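Here is a short set of exercises to work through with the model open beside you. Try each task first, then follow the solution step by step.

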Amino acid sequence: MSTENEGTAVPPAPSAPPPAPVDAPAASAHQGHPAPEAAPDPGRAAPPPAPAQHAGQGYGSAPHGPAGESGWGPHGAHGGQDPAASPVAPDASWPPPPPPSAPAYGGGGAGYGSGGWGSSYQQPTPKSGGGRGRMLAAVLVAALVAGGAGGGLGYTLAKENDSNGSTTVSASTSGGDVKRDPGTVAAVAAKALPSTVTIEAESGSGEGGTGTGFVFDTQGHIVTNNHVVADAVDSGKVTATFPDGKKYDAEVVGHAQGYDVAVIKLDDAPSDLKPLPLGNSDEVAVGDSTIAIGAPFGLSNTVTTGIISAKNRPVASSDGAGSQASYMSALQTDASINPGNSGGPLLDAQGNVIGINSAIQSTSNGGFGTGQAGSIGLGFAIPVNQAKYVAQELIRTGKPVYAKIGASVSLEDAAGGAKITEQGAGGSEPVDPGGPADKAGLKPGDVITKLDDRVIDSGPTLIGEIWTHKPGDEVTITYERGGKERTAELTLGSRTGDS
């Protein structure tokens with residue numbers, strides 16, 4: 001399944017929604033790019049299936065045609081292939097490009113730009129003459145004036161009624177004095193908001209977008225999505241703004257393309273940082289309440305609610321701007337997630353982080369006066385157990401570490417599983433000699449149908465499931481060969497870095 005990542009260029013996040021322009025600029029969500037017809041390895045870089053839109057991305061159908069790799073090879077990931085090669089020919093590059101139907105990242109940008117992630121913001125040109133926009137403004141002004149007059153009259157009448165023995169009763173406390181019960185959305189939001197930030201990432205050429213992040217530790221590390229800060233990795237600029245308005249410059253400590261996780265660190269971090277508590281995403285149940293915090297379309301510190309709609313959703317997402325895809329076995333939620341929510345925390349009812357909002361499935365039409373895709377109730381988050389491991393590795397070494405089986409698998413969704421291809425990336429062996437799959441007795445043509453107790457219906461699903469594990473984990477592989485089902489015990493290998 002693929003989705004679209006959040007990530008379009010946007011202006012600085014406004015403190016309040018801007019007035020609708022007469023001609024709203026169109027901002028398109030990132031579209032998926034055709035995946036190379038290659039065979040990726042869930043440990044080697046593999047071309048993605050139809051990607052989802054980031055942080056507001058979508059969950060789409062699995063890609064057709066491209067092949068992927070289920071393990072990382074010694075010289076890069078298997079999975080891409082020469083355009084002239086067959087659909088299962090792998091490509092030697094990593095990360096793999098998004099498949100043909102892959103949606104783009106949908107949550108990283110504020111969505112005001114006219115292009116995809118990284119596009120620049122342009123102020124719309126107002127129409128000449130009167131026009132509907134001006135008439136609407138006149139109507140709004142008239143309504144406000146009328147409202148003011150009505151309010152004054154109402155107050156006068158009420159005051160007179162008070163002198164005549166009115167029976168109305170006023171609240172004993174003002175709204176600001178009311179205490180919210182623990183576990184309520186208001187209480188959770190009040191506690192979590194001070195530990196979330198709105199991230200503005202800008203490339204050396206001045207292009208960029210807006211996303212979200214949250215405090216990971218007291219040293220000033222902030223966790224977010226890779227696609228939120230990708231443009232600023234080389235000679236770019238990153239800033240993080242807290243709800244109280246305090247803004248800090250930051251640097252990218254490490255980023256993982258395949259996982260779509262990144263860590264930035266605040267310069268001169270304050271001493272009173274309060275990291276958000278991390279929950280256990282393995283214990284999340286369908287139907288559990290969720291709370292998402294982010295900056296949809298640049299509206300910082302926005303809180304939305306929903307439930308866990310499903311678990312272990314295989315999602316491949318891309319920013320639609322030519323970058324490679326990310327894979328996840330995602331938590332699905334119906335909490336409203338839009339461009340700008342990318343990298344923000346998905347919380348449970350107790351305020352614990354259970355995921356990082358990363359992608360949405362959305363319709364092609366935009367909202368909020370733009371052409372960028374928005375939420376239709378299908379949001380996807382990276383499970384926090386996986387994100388925590390990735391973040392810790394990035395902080396420790398600056399590079400991601402991926403688990404792998406050492407075999408190239410097709411990304412086609414018609415195989416009824418993850419089929420090991422007949423050819424590896426760049427003409428290499430489809431099963432790494434001496435690698436995990438080789439030691440377990442797997443061969444080209446075998447179709448992997450289960451990893452432990454998880455059903456594997458395609459190559460992308462296998463990649464996402466393998467990446468929920470750590471190198472060295474022992475797993476049971478169920479596969480078919482010659483019409484017969486077999487099982488094998490396999491110890492996952494490792495691959496360091498995205499290239």
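## Getting oriented

Buried residues make up 54% of the 499 residues in the chain, where buried means under 20% relative accessible area, exposed over 50% and partly exposed in between (1.4 Å probe, protein chains only). This is a predicted model, in which local features need pLDDT of at least 70 and side-chain atom pairs count only at pLDDT 80 or more, while totals for chains, interfaces and linings use all residues. Residues are numbered from 1 along each chain as its sequence is written, and side-chain values use heavy atoms, leaving out hydrogens and water.

## Exercise 1: the chain as a whole

Task: find how many helices and strands the chain has, and what share of its contacts between residues at least 6 apart join residues at least 24 apart.

Solution.
- Step 1. The secondary structure comes to six helices and 27 strands; helices (H or I, at least four residues) and strands (E, at least two) are DSSP runs, numbered from the N terminus.
- Step 2. Take the contacts between residues at least 6 apart in sequence: 77% of them join residues at least 24 apart. Contact means heavy atoms within 4.5 Å.

## Exercise 2: helix α6 and the ring beyond it

Task: decide whether the residues of helix α6 are buried or exposed, then work out which parts the aromatic pair of Y402 and W467 ties together.

Solution.
- Step 1. Go through α6 residue by residue: G459, P460, T461, L462, I463, G464, E465 and I466 are buried. That is eight of the eight residues of the helix (residues 459-466), so α6 is largely enclosed by the rest of the structure.
- Step 2. Turn to the rings. The structure holds five aromatic pairs; rings of Phe, Tyr and Trp (its six-membered ring) pair if their centres lie within 6.5 Å, and planes under 30 degrees apart count as stacked, over 60 as edge-to-face and the rest as tilted.
- Step 3. Y402 and W467 form a tilted pair, with 4.7 Å centre to centre and 50 degrees between the planes. Y402 belongs to strand β20 (residues 401-404) and W467 to the loop between α6 and β25 (474-481), so the pair ties together parts that are 65 residues apart in sequence.
- Step 4. Check the burial of both partners: Y402 has a relative accessible area of 0% and is buried, and W467 is buried too, at 1%.
- Step 5. Widen the view: ring pairs link Y259, Y327, Y402 and W467 into a cluster.

## Exercise 3: the nonpolar cores

Task: which residues of the largest nonpolar core touch the most other members?

Solution.
- Step 1. Begin with the rule: a nonpolar core is a set of buried Ala, Val, Leu, Ile, Met, Phe, Trp, Tyr and Cys residues joined through side-chain atoms within 4.5 Å.
- Step 2. The largest core has 57 residues, and L462 and L490 touch the most other members. Helix α4 (residues 384-397) supplies the largest share of this core, six residues.
- Step 3. Another core, of 17 residues, lies apart from it and includes I199, A201, V228 and I264.

## Exercise 4: neighbours across the sequence

Task: compile the contacts of T449 and E489, leaving aside residues up to four places away, and find how far the C-alpha atoms of L411 and S458 are separated.

Solution.
- Step 1. T449 lies in strand β23 (residues 447-451) and is buried, at 11% relative accessible area. Its contacts are G416, R454, V455, I456, T478, Y479 and E480.
- Step 2. E489, in strand β26 (residues 484-491), is exposed at 57% relative accessibility. E489 is in contact with A440, V475 and T476, and its C-alpha atom is separated by 6.2 Å from that of I477, twelve residues apart along the chain.
- Step 3. L411 sits in the loop between β21 (408-410) and β22 (418-419) and is buried, at 0%. The C-alpha atoms of L411 and S458 are separated by 6.5 Å, although these residues are 47 apart along the chain.

## Exercise 5: positive phi

Task: what value does phi take in D260 and in F297?

Solution.
- Step 1. D260, not a glycine, has a positive phi of about 60 degrees. Its place is the loop between β12 (247-256) and β13 (261-266), and D260 is buried, at 0%.
- Step 2. For F297, also a residue other than glycine, phi is near 50 degrees. F297 lies in the loop between β14 (289-294) and β15 (302-318) and is buried, at 8%.
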